[in-house]
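Hi there,

Here is the structure I promised to pass on to you. Have a look at it first, and then read on for what turned up in it.

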Amino acid sequence: MSIIDSAKSAAQTLVQRAMSKLVPLAPDSWIPGGIPDPLIARKHGLIGTPVSRLDGPLKVQGRARFSAEVDAADIAYAALVHATVPRGRIATLETAAARAAPGVILVMTHENAPRMNAPALFGSSPTAVGPADLPVMQDDRIHWNGQPIAIVLAETQEQADHARSLVVATYSIEPSITSLKAAKDAGPKPGLFMGEPLLTQIGDAEASLSAAPYKVDHLYRTPRHNHNPIELHGATIWWDGDTLVIHDATQMVTAQSLTMAGVFDLKPEQVHILSPYVGGGFGSKGLWVHQIIGAAAAKLAGRPVRIALSREGVYRVVGGRTLTEQRVAIGAEADGRFTSIIHSGIAAMTPHNNMPEPFILGTKVGYGADNFKLSVETVEMDIVANTFMRAPGEAVGTFALECAIDELAAEIGMDPVDLRIRNEPEKDPISGLPFSSRHVVEAWRQGAERFGWAERITTPGTRREGEWLIGMGCATGTYPYYRMPGAAARITLTNNGTATVEIAAHEMGMGTTTTTAIVAAERLGLSMDKINVRYGDSTIPGAIMAGGSQQTAAIGGAVIAAHNALVAQLLKMAGNDSPLAGLSPAEVGSEDGALVKLDDPTRRESYASILNRAQMDSIVASEEASPPLEIMHWSMHSHSAIFCEVAVSTITAETRVRRILGSFDCGRILNPKTARSQFRGGIIMGLGMALMEETQFDERNGRIMNPSLSEYHIPVHLDVPDIDVIWTDIADPHTPMGAHGIGEIGITGTAAAVANAVYNATGKRIRDLPITLDKLF
């Protein structure tokens with residue numbers, strides 16, 4: 001980071017801290033969401049009705065083109081060569097045989113790569129999304145086992161893959177840190193997440209814990225996890241003169257285009273990224289080194305390049321969730337009231353990025369207590385840069401916290417559900433802010449009744465069916481409501497009654513375009529078939545990242561702003577001859593393809609009438625969303641209550657999840673059909689985290705040892721039980737449409753619910769994920 005960038009970052013931090021003190025003091029009416037979104041009160045429209053995904057027919061018919069399927073004339077196919085040592089320098093690099101192989105167009109290494117700047121590191125500015133602050137293929141240095149050291153371009157993928165095998169490298173190996181023990185011996189550092197310290201202390205938690213009549217104090221461990229989206233990471237890249245065009249699988253078209261522009265010393269408008277379809281992201285589909293290397297090779301070769309990582313290549317190049325060691329200690333009175341919560345520990349990362357697992361975030365808002373001590377420290381290892389994975393921090397943090405609460409319930413002799421409800425806070429326990437909307441107690445009670453929690457046998461290991469021990473467990477999940485700044489929308493309204501809504505957002509299979517069409521149709525007072533949604537293109541105004549479960553809120557806020565601008569333009573255009581003459585935008589709404597006075601529906605004029613009278617075919621309104629000040633004014637979160645039933649074999653120690661229920665409190669549900677799928681998908685990912693997912697890491701040489709789906713296990717159909725999903729559907733009055741994000745809440749709490757059910761079945765506590773056979777024998 002340059003001195004100028006450092007100064008800007010410091011200034012932004014100071015402004016942010018000042019705002020965080022001032023915004024909570026402002027009247028509600030000054031804050032976005034202070035006046036409830038009118039769509040919250042609309043009970044009989046599209047919102048809340050099940051709608052099939054608009055992109056579904058295209059995908060099942062094979063007409064949806066993903067980034068590595070885009071056609072380009074004279075395309076060259078790429079294959080990467082990876083380093084096999086964790087740290088050092090390239091001593092020799094023999095490429096002659098590869099260059100002479102059939103079909104080979106180019107072999108690019110650090111010796112002939114064009115000069116490029118290091119990508120701006122994620123978090124160093126609002127638009128920086130570089131995975132690490134390392135230069136890409138600019139020198140002979142090796143920073144992790146798997147780092148790309150060469151790229152081969154050939155006429156076919158098979159030729160490129162063969163030529164790659166002919167590249168031979170030797171290394172001058174340097175000392176490296178590839179074990180957690182060595183990293184801890186080198187000394188931990190204070191953790192930072194999104195520029196904020198991962199440290200919170202209120203009162204004297206250690207003294208309170210010592211004095212508590214009931215307490216638990218244990219260490220919980222979670223392993224590395226690797227990303228495995230169905231669509232592998234790939235891009236089709238070419239240069240059109242001085243313009244770089246990238247068809248990419250990404251969750252951040254705008255920010256990625258700006259970061260790539262910095263790498264190649266281009267103006268922002270000289271990088272055009274398109275990403276209409278992404279086959280799963282979960283935090284992994286961002287900027288990695290393969291897009292940069294592919295763009296450089298395309299420039300050298302003067303031809304379009306298709307670079308698609310193999311499954312093993314994803315493990316070598318794309319980071320995942322890092323390992324954690326977490327201490328959770330809770331003190332409580334005899335009635336179950338918490339007096340002390342301690343949640344601390346370490347997360348590993350690299351020296352070249354700053355992506356610790358912020359596992360204390362959920363603990364900061366989950367329960368009330370008199371004293372808190374929460375901290376994350378980081379240790380550094382020479383490994384591929386870790387990154388976001390679904391519910392970063394919360395997924396692993398809720399495992400430790402919710403298992404500890406279950407252990408405390410057993411110590412006190414209380415029902416685990418009752419213990420959680422007993423410690424429900426009235427306001428945010430750390431910030432003191434009021435909750436914008438919190439109905440997790442209703443979620444617990446509805447879920448317990450539907451699941452049949454009252455039938456649970458409290459004594460572990462006593463319910464048996466043949467060889468199987470049966471148990472029930474539960475856990476709370478939480479994930480913050482976010483709405484990141486920079487979102488914008490452009491609405492084009494035509495005189496034939498149709499509208500095009502453009503947003504720089506992303507469709508990763510969760511139904512974004514469908515939900516956007518629903519919201520736009522309701523906002524504009526049109527039917528869904530009159531709405532066209534354009535997205536996934538860096539030339540569209542604004543910047544929306546598909547991450548943090550915030551995309552729907554960001555889109556909603558942007559469409560609100562653009563709609564307000566559109567209404568103002570239409571009223572001005574309508575003039576004095578309109579039934580709407582003299583009305584302000586605040587007095588007008590949209591209904592049935594017309595502008596309507598809110599308290600007098602007889603005063604109305606259709607869009608077509610206004611445009612035709614003005615002799616205009618269309619009108620365009622483009623506007624940025626308001627700053628997301630609401631997240632500083634209220635404490636805003638999604639919540640869940642997860643219930644699980646398992647069976648554990650007394651012969652093989654095999655664990656089978658027999659049924660699971662997620663009871664969610666996530667504001668208003670916009671599309672029940674796609675929401676149910678999102679909740680279930682998160683729960684299934686949580687089952688994988690609980691029972692099977694683990695990156696095997698060779699601490700001798702820093703190499704990932706199970707880089708394939710035959711060795712890295714994730715749930716398949718036969719592993720997935722009946723999953724029941726219910727929700728409160730209580731709108732948050734302070735968010736667009738009354739909705740919260742739902743993309744990540746499903747995974748939070750799931751692993752803990754499974755572990756707690758295993759304890760109820762067997763009497764054995766598993767504090768080290770995954771729960772494998774050897775830990776239950």
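Before we start, one definition: helices (at least four residues) and strands (at least two) are DSSP runs, numbered from the N terminus. With that in hand, a name such as the loop between strand S28 (637-649) and strand S29 (655-665) should be easy to find, and Ala653 sits in that loop. Please keep in mind throughout that this is a predicted model.

**The whole protein**

The secondary structure amounts to 20 helices and 32 strands. Along the principal axes, the C-alpha atoms occupy a box of roughly 80 × 75 × 55 Å. How does the radius of gyration fit a compact globule? For 777 residues, such a globule would have a radius of gyration near 28 Å, and the protein has 27 Å, so the two agree.

Of the 777 residues, 60% count as buried. The accessible surface is about 29700 Å², and carbon and sulfur atoms account for 54% of that area. Contacts also reach across the sequence: among those between residues at least 6 apart, 81% join residues at least 24 apart.

**A pocket, and an arginine beside its centre**

Next, take a look at the second largest pocket, which holds about 1100 Å³ of space. It is lined by 41 residues, and those closest to its centre are Asp37, Pro38, Arg523, Ile560 and Asn564. Sorted by class, the lining has 20 nonpolar, twelve polar and nine charged residues.

Which elements supply at least two residues each of this lining? They are helix H2 (38-41), helix H15 (512-524), helix H16 (551-574), strand S24 (588-591) and strand S25 (594-597). The largest share comes from H16, with six residues.

Arg523 is worth finding on your screen. This residue is part of helix H15. Is Arg523 buried or exposed? Its relative accessible area is 8%, and residues under 20% count as buried, so Arg523 is buried. Beyond its neighbours within four places in sequence, Arg523 is in contact with Asp37, Leu39, Gly556, Val559, Ile560, His563, Ser590 and Met737. Two of the names in that list, Asp37 and Ile560, also appear among the residues closest to the pocket's centre.

**Closed spaces inside**

The structure also has 13 cavities of 30 Å³ or more. In the largest cavity there is about 230 Å³ of space. Its lining is made up of 23 residues, and Ala132, Leu134, Trp144, Gln147 and Val289 are the closest to its centre. By class, that lining has 18 nonpolar, four polar and one charged residues.

**Two alanines in strands**

Ala150 belongs to strand S5 (residues 148-154). With a relative accessibility of 0%, Ala150 counts as buried. Leaving out neighbours within four places in sequence, its contacts are Ala79, Leu80, Val81, Met108, Thr109 and Met137. Try setting a distance line from Ala150 to Ser179: they are 29 residues apart along the chain, and their C-alpha atoms are separated by 27 Å.

Ala91 is in strand S2 (residues 88-94). How far apart in space are Ala91 and Ile173? Their C-alpha atoms are 9.1 Å apart, with their places 82 residues apart in sequence. Ala91 touches Thr170, Tyr171 and Ser172, once residues up to four places away in sequence are set aside.

**Backbone details**

Let's go back to Ala653, in the loop between S28 and S29. Although Ala653 is not a glycine, its phi is positive, at about 70°. Its relative accessible area is 4%, so Ala653 is buried.

Asp592 has a positive phi as well, near 50°, and is likewise a residue other than glycine. You will find Asp592 in the loop between S24 and S25, two strands that also contribute to the pocket lining described above. Asp592 counts as exposed because its relative accessibility is 64%, and the cut-off for exposed is over 50%.

Last, look towards the segment after helix H20 (750-762), where Pro770 lies. A cis peptide bond joins Leu769 and Pro770, with omega at about -5°.

Enjoy exploring!

Best wishes

Key:
Residues are numbered from 1 along each chain as its sequence is written. This is a predicted model: local features need pLDDT of at least 70, side-chain atom pairs count only at pLDDT 80 or more; totals for chains, interfaces and linings use all residues. Side-chain values use heavy atoms; hydrogens and water are left out. On a 1 Å grid over the protein atoms alone, a cavity is a set of points where a 1.4 Å probe fits but cannot get out, and a pocket is an open set with protein on both sides within 12 Å along at least five of seven lines; lining residues have an atom within 4 Å of a point. Grid points are joined across faces, edges and corners, and a volume is the space filled by probe spheres set on the points. Ala, Val, Leu, Ile, Met, Phe, Trp, Tyr, Cys and Pro count as nonpolar, Asp, Glu, Lys and Arg as charged, and the others, Gly among them, as polar. The radius of gyration is taken over C-alpha atoms; the globule rule is 2.2 Å times the number of residues to the power 0.38. Buried means under 20% relative accessible area, exposed over 50%, partly exposed in between (1.4 Å probe, protein chains only). Contact means heavy atoms within 4.5 Å. Accessible areas come from the Shrake-Rupley method with a 1.4 Å probe; for residues, only the protein chains shown count as cover.
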